[in-house]
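Here is my note on the model you sent. Please read it with the structure open beside you.

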Amino acid sequence: MKKIFIVAAWAVLFGSCSNNVNDTDAGGKNDDSAPPIINYSIVNVFPHDTAAFTEGLLVHDGQLYESTGGQHESNNFKSWFGPVDIKTGISQKKIMLDTSYFGEGINIFKGKLYQLTWQDHIGFVYDVKTFEKIKDFHINGEGWALTNDGTSLIMSDGTSNLQYLDPESLKVLKILGVQDNNGPVGNINELEYIKGFIYANQYGTAYVLKIDPGSGKVVGKLDFDSLNREVRIKYPQALEMNGIAYDSTANKIYVTGKAWPNLYEVRF
């Protein structure tokens with residue numbers, strides 16, 4: 001009886017270990033520890049347009065740019081992108097998107113501005129100086145946000161995957177799966193590439209995730225829940241947190257949200 005029990009127990013243990021290995025290899029739950037929380041502090045507070053349903057945020061050559069989403073079937077906001085005066089929160093020029101489209105994230109790379117739409121499987125490329133449209137391109141899945149690593153455009157589509165795009169052909173070069181200790185991490189939203197890591201808003205949460213682009217692993221997490229709650233108490237019309245931008249020249253990082261009354265310069 002004792003030998004049988006030991007053998008049976010060993011079989012159960014061995015089978016359990018085998019299942020864990022298979023789950024990890026298949027992209028399921030792994031045994032790593034949870035991503036550590038990254039501390040942050042607020043350095044400055046600037047005005048932000050509460051009529052802006054923020055989908056994209058970036059700084060290029062010291063200039064803040066924002067893109068917004070809106071469509072009469074979905075919400076009461078409008079879709080546009082353009083440069084914004086960081087001190088006043090006022091858009092200096094709005095390039096309006098056709099009302100048939102819901103605007104999403106933007107990125108600027110080598111003299112071109114790239115803009116996504118949400119569910120229409122189409123994106124647009126503009127000359128960054130004139131904002132004249134150069135061409136359209138096809139989007140695989142939904143379009144949520146864009147950044148770049150100096151070589152490729154990196155696009156989120158609302159899933160746990162990040163698509164790497166060739167900036168010229170806009171074809172998918174590779175797909176990076178984002179995961180933490182619990183497995184794939186979905187709702188990856190607005191993106192920013194900062195010092196070798198991808199930072200991403202996670203839609204529906206107040207988290208900004210720090211992602212290792214080599215492995216797709218979430219290696220850290222910023223929890224802006226207290227700031228998110230504070231904003232919504234002061235301005236009840238404020239919506240989800242979304243938007244992270246990095247000024248690489250001044251080494252400054254900014255965050256905001258959809259219809260938030262403020263843009264925050266943070267340090268972490």
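**Notes on strand β7 and its sheet**

1. The side chains of β7 point in two directions. Lys 112, Tyr 114 and Leu 116 point one way from the strand, while Leu 113, Gln 115 and Thr 117 point the other way. Residues on both sides are buried. Keep in mind throughout that this is a predicted model.

2. What follows from this burial for the strand as a whole? Six of the six residues of β7 are buried, so the strand is largely enclosed by the rest of the structure. The cut-off matters for this step: a residue is called buried when its relative accessible area is under 20%.

3. Where does β7 sit in its sheet? The sheet is open, has four strands, and follows the order β6-β7-β8-β9. The pairing in this sheet is antiparallel. At the edges are β6, residues 103–109, and β9, residues 133–138, each of which pairs on one side only. On average, neighbouring strands of the sheet are turned by 20 degrees against each other, with direction ignored.

4. Consider the pairing of β6 with β7 next. Strand β7 covers residues 112–117 and is joined to β6 by five bridges, with the two strands running antiparallel. As one example to find in the model, Ile 108 has Leu 113 in β7 as its bridge partner. The two strands form a hairpin with two residues between them, and in this hairpin Lys 110 takes a positive phi near 50 degrees.

5. The pairing of β7 with β8 can be read in the same manner. Strand β8 covers residues 122–127, and five bridges pair it with β7 in the antiparallel sense. Here Leu 116 has Gly 123 in β8 as its bridge partner. This hairpin has four residues between its strands. In the turn, His 121 has a positive phi of about 60 degrees.

6. Some values for the chain give the setting. The chain has 268 residues, and buried residues make up 47% of them. Its secondary structure comes to two helices and 22 strands. How much of the contact between residues at least 6 apart in sequence joins residues at least 24 apart? The share is 48%. The accessible surface comes to about 13200 Å², and 52% of this surface belongs to carbon and sulfur atoms.

How values were computed: Residues numbered from 1 in each chain as written. Predicted model: local features only at pLDDT ≥ 70, side-chain atom pairs only at ≥ 80, totals over all residues. Heavy atoms only, no water. Pairing = 2+ DSSP bridges. Axes fitted to C-alpha atoms, helices over the stretch in contact; angles between N-to-C directions. Buried < 20%, exposed > 50% of the residue type's maximum accessible area, 1.4 Å probe, protein only. Contact = heavy atoms within 4.5 Å. Areas by Shrake-Rupley, 256 points an atom, 1.4 Å probe, with all protein chains shown as cover.
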